[in-house]
Amino acid sequence: MIISMNHGATKEQIDHVCERLQEFGYKAHPIFGEEKVVIGAVGHADRKQQAMESIEAAPGVESVVSISDPFKFVSKEYRQSKSAIKVNGCEIGGSEFIVFAGPCSVESEEQILVTAESVKRAGAQILRGGAFKPRTSPYDFQGLEEEGLKLLQKAKEKTGLAICTEVMSPMEVSLVAEYSDILQVGARNMQNFNLLKRLGKETRPVMLKRGLSSTIKEFLLSAEYIVTSGNPNVFLCERGIRTFETYTRNTLDLSAVPLLEELTHLPVVVDPSHGTGKRSLVPAMARATVACGADGLMIEIHPNPEKAFSDGPQSLRLPQFEQLMKDLQPYIQLWKAERSAAREAALVGKA
Ligand code: PEP
Ligand code: MN
């Protein structure tokens, strides 16, 4: 169950609720938000009804909700309406469809600046690019690290685009957070629990990518780690999972999008670049991403994919990306109409 405390609840009231929960056999996880405190209670208490009634009556308690999903704070049971995450003047999970684009790796000043101009011209909102790269082979390019972060910052100064970049280890979180608007957790780190807990201490939004072989339940439990460690600004990225198929790099699980919509209030974006591994398949999967109701898209692009240090075969050329953004417009218009109809229906339902 989740207990929301009143605004201004005192420390004694919070401690009292935690003690009562422990008496009933629960483990209490208080989260101290900017506005108020919520307490997650996890366990298999046999006197649940009695516990709920008792806690509801405790001083300082605003509400108590029972949640049956294994993931609590990220579940739809906890919050019915989608969480919108504010970044640099736009909202992920709001009324705009958000596009992230950029190279797999930041390689040079010219490469990132030329790419950032194209992202801006095309009307996308967020520049992506890896400075710390998780590579399968230790002999492959590992990223420009801090120099790459500085180049991303330069691109932000020139274009005003928000920056999304990957952080691979808890030790690098402070450094990466200094230069970026969104901290990316890559597929290979989805279950790096120390990293997830460390990101819970940040206020910057976190984009959590689905692990190569992770179930949706594992994906949501990883998101729960970040949220329950104190950072509610989390959104998910479906980037394909490993299957027996070899024509594609991964199998893009688009059914995860409507499924996640049923299970969680966290926004969901889709990465058809890693999801297919093939440039020719990206536009169709990008259209499908908009059509299935995702909150945004992440696309890898490069001024010269043949010479890219990583993921060239799946990267769109800049003119291809700009064309794709034009081709997506009718789909995005439908997306917007559907989104505002859904919001109105939700408001009517509440009234
Ligand atoms: C990336 O976004 O460049 C990346 C490494 O993706 P993933 O973690 O999904 O493989
Ligand atoms: Mn990549």
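This is the transcript of a short presentation on one protein model and its two ligands.

Good morning, colleagues. Please keep in mind throughout that the structure before you is a predicted model. I shall begin with the ligands, continue with a group of strands, and end with several individual residues.

Let us start with ligand 1. Which residues surround ligand 1? The surrounding residues are C104, R128, K133, E166, Q184, G186, A187, R188, K209, R239, H274 and E300. Sorted by character, this shell holds seven charged residues, three polar ones and two nonpolar ones.

Three polar side-chain contacts to ligand 1 deserve mention. R128 places a polar side-chain atom 2.7 Å from an oxygen atom of the ligand. For R188, the corresponding distance from a polar side-chain atom to an oxygen atom of ligand 1 is 2.9 Å. For E300, a polar side-chain atom lies 3.1 Å from an oxygen atom of ligand 1. How much of ligand 1 does the protein bury? The ligand taken alone exposes 290 Å², and the protein buries 97% of that.

I turn now to ligand 2, the manganese ion. Four residues coordinate the manganese ion: C104 through SG, H274 through NE2, E300 through OE and D311 through OD, at 2.0 to 2.4 Å. Along the chain, these donors follow the spacing C-x169-H-x25-E-x10-D. Where do C104 and D311 sit in the fold? C104 belongs to the loop between β7 (98–102) and α3 (109–122), while D311 belongs to the loop between β14 (296–302) and β15 (316–317). The pair therefore ties together parts that are 207 residues apart in sequence.

Are C104 and D311 buried or exposed? C104 has a relative accessible area of 4% and is buried. D311, at 17%, is buried as well, because buried here means under 20% relative accessible area. I would also draw attention to C104, H274 and E300, which appear in the shell of ligand 1 and again among the donors of the manganese ion.

My next topic is the pairing of three strands, with β3 as the reference. Strand β2, residues 27–32, pairs with strand β3, residues 37–42, in the antiparallel sense over six bridges. Together β2 and β3 form a hairpin, with four residues between the two strands. Within this pairing, I31 has V38 of β3 as its bridge partner, and K27 has V42 of β3.

Strand β3 has a further partner. Strand β1, residues 2–5, pairs with β3 in the antiparallel sense over three bridges. One of the residues involved is I2, whose bridge partner in β3 is G40. How many of the six residues of β3 are buried? Five of the six are buried, so β3 is largely enclosed by the rest of the structure. As a general remark, side chains in a regular strand alternate between the two faces of the sheet.

I come to the individual residues, beginning with T115 in helix α3. T115 counts as buried, with a relative accessibility of 0%. A polar atom of the T115 side chain lies 2.6 Å from the backbone oxygen of Q111.

Two further residues are noted for their backbone angles. N88 has a phi near 50°, a positive value in a residue other than glycine. N88 is placed in the loop between β5 (85–87) and β6 (90–92), and its relative accessibility of 41% makes N88 partly exposed. E145, likewise not a glycine, has a positive phi near 55°. The loop that holds E145 runs between β8 (126–128) and α4 (146–159). E145 is partly exposed, with a relative accessible area of 40%.

Finally, I offer two separations, each taken from C-alpha to C-alpha. R317, in strand β15, is partly exposed at 30% relative accessible area. R317 and R279 stand 38 residues apart in sequence and 8.9 Å apart in space. D15, in helix α1, residues 11–23, is also partly exposed, with a relative accessible area of 30%. D15 and F309 are 294 residues apart in sequence and 53 Å apart in space.

To close, I return to the two ligands. The protein buries 97% of the area that ligand 1 exposes when taken alone, and the manganese ion is held in coordination by C104, H274, E300 and D311. Thank you for your attention.

Key
Residues numbered from 1 in each chain as written. Chains lettered and ligands numbered in written order. Predicted model: local features only at pLDDT ≥ 70, side-chain atom pairs only at ≥ 80, totals over all residues. Heavy atoms only, no water. Near = heavy atom within 4 Å. Polar contact = N/O pair within 3.5 Å; in protein donor to acceptor, adjacent residues only side chain to side chain. Areas by Shrake-Rupley, 256 points an atom, 1.4 Å probe, with all protein chains shown as cover. Nonpolar A, V, L, I, M, F, W, Y, C, P; charged D, E, K, R; others polar. Donors = N, O, S within 2.8 Å, 3.2 Å for Na, K, Ca; no water. Buried < 20%, exposed > 50% of the residue type's maximum accessible area, 1.4 Å probe, protein only. Pairing = 2+ DSSP bridges.
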